[in-house]
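Here are a few exercises to work through with the coordinates open beside you. Try each task before reading its solution.

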Amino acid sequence: MTAQGDAIRRAVTRPVAAISLGWLVVISLACACAGWLSPHDPLAQDLSTTLSGPTSEYWLGTDDLGRDVLSRLLHGGSGLLVTALIPVGVSVLIGVPVGLLAGYLRGPVDTLANFAADVLFAMPGLVVVLAVAAVTDNNITLMAIVFGVLTSGVTYRVARNATAGARSMPYVDAALVSRLPRRRILARHILPNLAGPLTVQTFIQYSGTFLFLTSLSFLGLGFSPETPSWGQLTLTAAHNMYVNPWMMVPVGFALTSTVLALNLVGFAILRGLTGHRRPRSAPRPRKDRRAAHANADASPATRPLRLADGDIANQSALVIEDLQIAFGAADEALAVAGVSLAVRKGEAFGLVGESGSGKTTTALAVLGLVPPPGRVLAGQILLDGQDLLALGESGLREVRRHKIGLISQEPMVALDPCFTVGSQLRELLRLRRGLSRKAASRTARDLLREVGLRTPDVVATQYPHQLSGGIAQRVSIALALSGEPQILVADEPTTALDVTVQAEILDLLRRLQSERSMTLLLVSHDLGVVADLCDRVAVMADGRIVEEGTTEKVLTAPEHAYSRQLIQATPRLNDSNEITSLGRERKAT
Amino acid sequence: MTEPLLAVEELAVTYRKSWRSSSVRAVDGVSLGLNSGEIVGVVGESGSGKSTLGRALLGLTKSTAGSIRFGGRDVTHERAGSRSSGRVLQVVFQDPFSSLNPARTVGSILSEPLEMHGGMSADAANSKIRELLLRVGLPADAMHRYPSAFSGGQRQRIAIARAISVDPDLVICDEATSALDVVTQARMLELLGSLSAERRMAVLFIAHDLAVVAAIAHRVVVLYQGRVMEQGPCRAILASPLHPYTRALELSSPVPDPAAQRERRRRRVEALAASTVEVSQEVPEVGCPFAPRCPEAFSACWTSRPKDNAVGDRTVACHLYDADLAPNPENRRNETA
Amino acid sequence: MLRLASVRLALSVPIMAIVATMTYFLVELVPGDPAAFLLGSGATSKQVSDLHHELGLDRPLIDRFLSWFGDLLHGDLGTSFVTNESTLTSLSRAMPVTVSVALLATIFTLVVGVTLGMLAAVRGGVADAFVQWFGSISMSIPNFWLAAVLVLIFAIKVPVLPATGYVPVASSPTDWFAHLILPTIAVGLAGVGQVAFQTRDAVADQLSREYVRTLIAAGLPRWRILGKHVLRNASGPIVTVASIGFVFALGAVVVVESIFGLPGVGTLMLTAVRIHDLPLVQGAVLMFCLVVVVANLVTDLIVAALNPRVRLT
């Protein structure tokens, strides 16, 4: 069974979807067995009781000719429910094969098919079907087929995008390299990816088509006036609602509940496939005192710094003490398990470790930016003697504005793609320094020049996607400097860059740090970067600091086994230009 | 002299981003060769065309000029899916997540290349898969699980197992270790190196990190803006990079030793004339693509394209090593002697 | 931007030409004889062939198509079989009614949908659940039923709004608006769910982007991040959904016009359909297609204006 199949199965067994599915089965069965279930002949008139409300004889009342509403409802569903299958079928028959071809072959086939879909999107379904009704004298089958053709553009898009998405996966390339025949690649790697999106699309389309057909029947088109149908029942109810509005109730309920059930099942499958994204609010900075209490026995790995020693507090720009951060449940391992460190004023402090070591989480905690669902359980983060974890939203905002700057890993995505560099920089300058519009423009230009951009006026008018990685990172640095921070937190600031660009950015950071006498907290996985920039370094593993000291000492004479392993594993070009390749050393021994 | 396993001559790949934009020369006249059992590293920064080169060799991208000979046959115009049998080519991609179909078990993923090599019973295939998993350092029962049950490093081992399952003559590794942590990366390099040695399997190892390439490759090809700048034995190139770009690349790669790094930093500043900020991203139509950043560029570098000058056992595409053009060619040649 | 606009405009021309051709042949090639319909079942074959000649139906198909297409290029959509009035005249009287309801409905959908979607994405929890249910139900209520219920409530129970009828905007803008409030809600409610869901997902997606973290780290107030940066970045898919909603609303107006007594194209067309007035039907389809093509064009331009990556590539 495919993963998508599993996801669909899980999705439809969730309560809302299961109830909806059950309701659809009930409705379908009731309509299919209308002949046996209806208490009355749907056409039998009882002119003595017209437009009655519910009575013991007529459970849902009667219409203007005294016909039983319940019986008419039971008989009025199947025509719509069955006819709605036609457009969906037509649309799948056209859309899926064309979508598969276009998505797999791409090129001119794709262009042509997309154009055809655009043409279909230009034709409003209802109006065209009305035209068909006019020329075919209400032939519902033809009307349904034409509607199917018109909506096939949507199915085509879904199939095409799913195919193109799967086609570009590296595992398809690997299969091609293994010379797997095309039909087997389609069957094995591409078609399974279509199942989910197409199931969702079919459900949503079926419900839309069903509504569409009821509209037609409400307009008196397509369905013969003799046999009851839900649209036509609504029309009757609407005509007589001034006399007795009751009839609107059962009719509306039948229609709405059916469409709602269809939609809910469709959405449930959609969510099962894409993963329901819980809206994530901005990270909450304050620590969870209650949870901290529950975790009280999680013993910190390193001895907490004694802040009573006034020395450390005075010389330090930033002190973190026994910081504990959890992402999962209470019994899961802590992402940051009791980290204590002190960053001295004006120094560059490196936090190194592999992915998952908790280094980035620790650094982001300084800004109150631990990503959800992470929670700070315990600890203190002292900046100028002020505990940042105890601050409220507005206090934290002040600290972020004026005391700390953040530089992120991916400069392109760290900038808002919709605004020019100049506009973003000016916005932050006005907010953080309270500058006038004019002064902000001037300062923006100075800042861009300060980060090494020779043509600040050109860069200021550009959008992030027009910048190269190196220039984008310089812009990010300028944004971080806009608040004239005491501390710069740099999270892997050069990881996404080419080495020659990386070298320039490291030079820039070094220059800015000394010119502005800023403190730098650098997070990096690259020991070379740390060696280049940092005065002191802490090595992290599994949420703890395993070794801390001057960069010189930790990198050349590591004490902890893990630090040694990390240093040894780092491929290097050493100074004498002799290759000390790990692979060969190991082979030789 | 016998023909190398892979011989690429003047290969070019040109493409357009859209029908309106002008064409981009992603790979621009690359020539390289690869012998059986040899590990050749291709190193380059973003925009160097290294991945496009790999895809062209695999037949996943159309090449627009030049030729690719593999195992003595011209495969320039054979697309990946329709390549006829002969020497076997395999691939390991960068992303350990998207390179394995999440909906299929590891066993089914590993048996895929085997299917096409036919004549293997289900039992034989199963024991082969077990053997492969053990060889790459995974438990045999991994075959019943899905890729999602494995870490990035383990998945990359699965991808390697898939590649070696059909005893390929050549494996192209496109940034195969760059998504991994250093310790995992070191183990992966070791695994690749020993597999290559024990099976006489050639490896084309594409990466952006010179130090990583240096850790595994016998020979190195340095790419910049789609062109080969320098190629030759790994040791020699790292000991004395000849091309100014190679020198800049080598000195830009930081080493985890503060004292050594300070010294390299000083030398690097001399090795690059212009920062990337001042250089437009356009490749000069004529001349050397590195000229705008080169501290030693002279007039010819802007007007004529450097040819591949042989210097000892390597080639350097730089006018400094061209006897007819260089201001003082003797000087240069002596440096390597 | 100007170049993008001209490229899109140039692309719309062939689309419109193909749509026009398809409309013509749809009406011509689908089995059925308009003359026979017009005359009813009692007509003799002589009468039918006379009418054929009178309507020009005895000429070869391709001839008729070419002259129809030629007339179309001159803005002549033909003459009604029944009233002998120019199709264009009837349509240009009715079209503004239909389009203005559809437009108002789209604005209503956007305002309510975006508000609810933002609420769901930012507040989460109960607000999110409420929007999910409200959206799902609003999408599932048939517009004609809702229209009837609205008329019932506002005509009989709480007569604060005019339930039916139409006043041209030129004679009294306030009355015009008052008469269109109920049709707007009936037509627009279905789209509210779509827009709210799209907004919720797009905003939730944007909130997890790194640039939002940059802005939070810079100490930008929350409302500023949401209102200026997040909404702008999320706008593309929202505008697209709203534009699909507009096309859908056009059809919905056609259905509910009779309930609200609006003299729009729906009323006109339904009559034409019943009496097989093919030129009028053909003309109406074409007009609608034109409106949709223009709407799609405008949508593309709005998306481009909001997103520099679309605009500048």
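## Exercise 1: An annotated domain in chain C

According to an unreviewed UniProt entry, residues 95-303 of chain C carry the annotation "domain: ABC transmembrane type-1". Keep in mind throughout that this is a predicted model.

**Task.** Find how much of residues 95-303 of chain C is helix and how much is strand, and then look at the transmembrane regions annotated in chain C.

**Solution.** Begin with the whole span: residues 95-303 of chain C are 85% helix and 0% strand. The C-alpha atoms at the two ends of this span lie 26 Å apart.

Next, turn to the record. The unreviewed UniProt entry gives "transmembrane region" for residues 7-27, 97-121, 133-156, 176-197, 238-260 and 280-306 of chain C.

Now take two of these segments in turn. Residues 7-27 of chain C are 100% helix, with end C-alpha atoms 31 Å apart. Residues 97-121 of chain C are also 100% helix, and there the end C-alpha atoms are 36 Å apart.

## Exercise 2: Transmembrane regions of chain A

**Task.** What are the end-to-end C-alpha distance and the helix content of residues 203-223 of chain A, and what are they for residues 243-270 of chain A?

**Solution.** Start from the annotation: for chain A, the unreviewed UniProt entry places "transmembrane region" at residues 12-37, 80-105, 112-134, 140-159, 203-223 and 243-270.

For residues 203-223 of chain A, the end C-alpha atoms are 23 Å apart, and the span is 76% helix with 0% strand. For residues 243-270 of chain A, the distance is 44 Å, and the span is 82% helix with 0% strand.

## Exercise 3: Two domains of chain A

**Task.** Describe how domain 1 and domain 2 of chain A meet, and name the element that supplies the largest share of the domain 1 side.

**Solution.** First, fix the bounds. The assignment for chain A gives domain 1 as 1-83 + 228-277, domain 2 as 88-222 and domain 3 as 286-345 + 352-391. The C-alpha centres of domain 1 and domain 2 of chain A are 28 Å apart.

Second, size up the contact. In chain A, 23 residues of domain 1 touch 20 residues of domain 2. These two domains of chain A bury about 1900 Å² between them, 78% of it on carbon and sulfur atoms.

Third, check the polar side. Between domain 1 and domain 2 of chain A there are zero salt bridges, while five residue pairs make polar contacts.

Fourth, assign the contributors. On the domain 1 side, α1 (3-12), α4 (69-83), α11 (230-239) and α12 (248-274) of chain A each supply at least two residues. The largest share, eleven residues, comes from α12(A). By class, this side of domain 1 of chain A has 13 nonpolar, ten polar and no charged residues.

## Exercise 4: Chain A against chain C

**Task.** How many residues of each chain take part in the contact between chain A and chain C, and how many salt bridges cross the interface?

**Solution.** Count the residues: 78 of chain A are in contact with 80 of chain C. The buried area is about 7000 Å², 72% of it on carbon and sulfur atoms.

Then look for charge pairs. The interface of chain A and chain C holds two salt bridges. In one of these, the side chains of E427(A) and R224(C) meet with an N to O distance of 3.1 Å. Polar contacts link 17 residue pairs across the interface of chain A and chain C.

Finally, ask who contributes. On the chain A side, α12(A) gives the most, with eleven residues. That side of chain A divides into 50 nonpolar, 14 polar and 14 charged residues.

Methods:
Residues numbered from 1 in each chain as written. Chains lettered and ligands numbered in written order. Predicted model: local features only at pLDDT ≥ 70, side-chain atom pairs only at ≥ 80, totals over all residues. Heavy atoms only, no water. UniProt positions renumbered as here; feature names shortened; annotations may be inferred. Helix = DSSP H or I, 4+ residues; strand = E, 2+ residues; numbered from the N terminus. Domains from an automatic or database assignment. Contact = heavy atoms within 4.5 Å. Buried area = accessible area lost by both parts, 1.4 Å probe. Salt bridge = Lys/Arg side-chain N within 4 Å of Asp/Glu carboxyl O. Polar contact = N/O pair within 3.5 Å; in protein donor to acceptor, adjacent residues only side chain to side chain. Nonpolar A, V, L, I, M, F, W, Y, C, P; charged D, E, K, R; others polar.
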